[in-house]
Amino acid sequence: MDNKNIPRTEPIQSATFTNPINAEIRRAAATGIYDIRGGGAKRRVPHFDDLLFLGASVSRYPLEGYREKCETKVTLGTRFAKKPIELDIPVTIAGMSFGALSGPAKEALGRGASAAGTSTTTGDGGMTPEERGHSSKLVYQYLPSRYGMNPDDLRKADAIEIVVGQGAKPGGGGMLLGQKISDRVAEMRCLPKGIDQRSACRHPDWTGPDDLEIKILELREITDWQVPIYVKVGGTRPYYDTALAVKAGADVVVLDGMQGGTAATQDVFIEHVGLPTLACIRPAVQALQDLGVHREVQLVISGGIRTGADVAKALALGADAVAIGTAALIALGDNDPKWESEYQKLGTTTGAYDDWHEGQDPAGITTQDPELMQRLDPVDAGRRLRNYLKVMTLEAQTIARACGHNHLHNLEPEDLCALTMEAAAMARVPLAGTDWYPGKAGF
Amino acid sequence: MQTYDLEANGLRGLNSALQELNGSTNKTSWEIVNPKGSHAIAVGLNSPVDVTIKGSTGYYCAGMNQQATVTVKGSVGPGVAENMMSGTVVVEGDASQYAGATGQGGLLVIKGNASSRCGISMKGIDIVVHGNIGHMCAFMGQAGNLVVLGDAGDALGDSCYEARFFVRGSVKSLGADCVEKEMRPEHIEILKDLLARAGADAKPEEFKRYGSARQLYNFDVDNAQAY
């Protein structure tokens, strides 16, 4: 047979050595350093999309969409604080630092959240006057680095969030690269301008839950037991972390899954450490229930919350509220297609831009460059965030009414089913069309 | 002199009373009896008053102090004067871990020994230890001065930034990027002042100065073996 006529095999791309993997191998070989980026896990993991609401039926009757009330208020910090935080909606803004974000971006977050009746959260680097001024309710993060920490700001806060970890990098610290260290950022962090600022991975003056209990006591004594104290953990061992936070005296537990974003961390850390958000909720709720404090110690869930459906599903699984970070930045203007030509120049594209640590954000959000920062109008961006928060709330209410509930907190696991075995196991709700989920007793 | 029996009257009452004081108060001198190792004694103070604690304390004594002078007639548990902003804290005995952690100002004097991680992440505080200090002291120290009349343990000043360390005795080992530095006249003056304010009987010339080599300030993969 003529060689030219021999049938050829199709070129087959490896499912193991994919083009992105191969590109990363080549990049690593060329540079000798791991890839650092912002954002959360991009890999596909079981998520809220794998759950559906069942809606009303013969046994459940719905509420009229435009007539019957469906309440959305939530109170956080009812356990010990003299002044719990009362929010109009159960969607809060997660901690993001001035430094990682520009001043106008922080202002926009405050404007949008305040207009929607919810809280914002500081981040590594301390509290800025603009942020305090534009946030009607501000949660002050107490982080391992203690950059900018001081008792005066502590007393200005409406709540304190002790950050043990975050979903993007549970067990890891942070690094704010020198190009984002402006004079003001450097001054707030008490470090020279232009150097890389490391954020420690664990607190400098306590280790373990017994110490944490004493640390919480100290913070309460300094703030006259006025404000709630949250404990934020990354999604790793949600049952035990929640139980230990409760034992240590937390008013609120914030649980952040691996889709939760970060300003800058190694890609290998983001993609390979921690649990999907969906897998965190039921164990945490179980811990609260076992300790008899579900709804007394509130649970805030974050990591990949995008829509009102996600909000409703998180609440149905037992959370009291959710927090958004990446979604809030997108609402402000992050990764907007109007900057596509500039994303191209940076070697990326709309929707994929994640080099937030490099300070070259075309949208002017994750930067300290004065020219880029001016691109973000904090009033307009704040309005967009408010609109987005309102839409999320309306969407969650729509679903809750369809399930027959007059408060978002009345959503329950029985309102849900799962589309996949994995989601059924993690959320502990039945696989669609069955009354079974993996691990359920009696099967 | 105001005397407060901590065992009889409780922690909240004490801190509440001390935190309510302002610059015009006549209650400028306080004595706390029966501390019995309690935690968070005299935290969050913000007025120029003198507080003497007669006995040993637990965690975070004088935490986040501003303006006040707090004297402990005993030893202290972990985190004494943590995140202190200003004022003076004097410990007549020994101090456990993390003494002066993240402190941003003021003077912490420990007349005995200090355990590990003394001055961790210090941000401007001055610390004078009359005795020895343990391992990993001033880890990631950013600013301020740590003076040790005795010896220092392993990994002094690991990954430090601009904080200065003065040690009279031996240093078991220096941490990553911490090096011995020249003692210039301005450092002698700084040290002289600190020793005087801390009531320490030592000569500045007897000390060696240590600080950051500034080689790890910007990430370089070739430095990865340093960690």
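**Two chains, one predicted model: asking what the words mean**

Modeller: Let's start where the chains meet: 21 residues from chain A and 34 residues from chain B take part in the contact. Most on the chain A side comes from helix α6 (residues 208-222), with 5 residues.

Colleague: What makes two residues count as being in contact?

Modeller: Their C-beta atoms, placed from the backbone, have to lie within 7 Å. Keep in mind that this is a predicted model, where local features need pLDDT of at least 70, side-chain atom pairs count only at pLDDT 80 or more, and totals for chains, interfaces and linings use all residues. As for labels, residues are numbered from 1 along each chain as its sequence is written, while chains are lettered from A and ligands numbered from 1 in the order in which they are written.

Colleague: How do the residues on the chain A side divide into nonpolar, polar and charged?

Modeller: The side of chain A that touches chain B has 12 nonpolar, 3 polar and 6 charged residues. Here Ala, Val, Leu, Ile, Met, Phe, Trp, Tyr, Cys and Pro count as nonpolar, Asp, Glu, Lys and Arg as charged, and the others, Gly among them, as polar.

Colleague: Why is strand β11 of chain A called largely enclosed?

Modeller: A residue is buried if 20 or more other C-beta atoms lie within 10 Å of its own (exposed means 12 or fewer, partly exposed is in between, and C-beta atoms are placed from the backbone). In β11(A), residues 229-234, 6 of the 6 residues are buried, so the strand is largely enclosed by the rest of the structure.

Colleague: Which residues show that both faces of β11(A) are covered?

Modeller: On one side sit A:I229, A:V231 and A:V233, on the other A:Y230, A:K232 and A:G234, and all are buried. In a regular strand the side chains alternate between the two faces of the sheet.

Colleague: How do you know which strands β11(A) pairs with?

Modeller: Strands are DSSP runs of E, at least two residues, and helices are runs of H or I, at least four, numbered from the N terminus. Two strands pair if DSSP finds at least two bridges between them. β11(A) has 4 bridges with β8 (residues 159-163) and 5 with β12 (residues 252-256), both parallel. For instance, A:I162 is matched with A:V231, and A:V233 with A:L255.

Colleague: What makes β5 and β6 of chain A edge strands?

Modeller: The open, parallel sheet has 8 strands in the order β5-β15-β14-β12-β11-β8-β7-β6. β5 (91-93) and β6 (120-121) each have a single partner strand, so one side of each is left without a neighbour in the sheet.

Colleague: Why is the unit of β11(A), helix α7 and β12(A) called right-handed?

Modeller: With the strands pointing away from the viewer, the path from the first strand over the helix to the second must run clockwise. The β-α-β unit made by β11(A), α7 (residues 238-248) and β12(A) is right-handed, so by that definition its path runs clockwise.

Colleague: And chain B, with its 3 helices and 11 strands: what makes it as compact as a globular protein of that length?

Modeller: The globule rule is 2.2 Å times the number of residues to the power 0.38, and the radius of gyration is taken over C-alpha atoms. For 227 residues the rule gives 17 Å, and chain B has 18 Å, which is close, so chain B is as compact as a globular protein of that length. Also, 56% of the residues of chain B count as buried.
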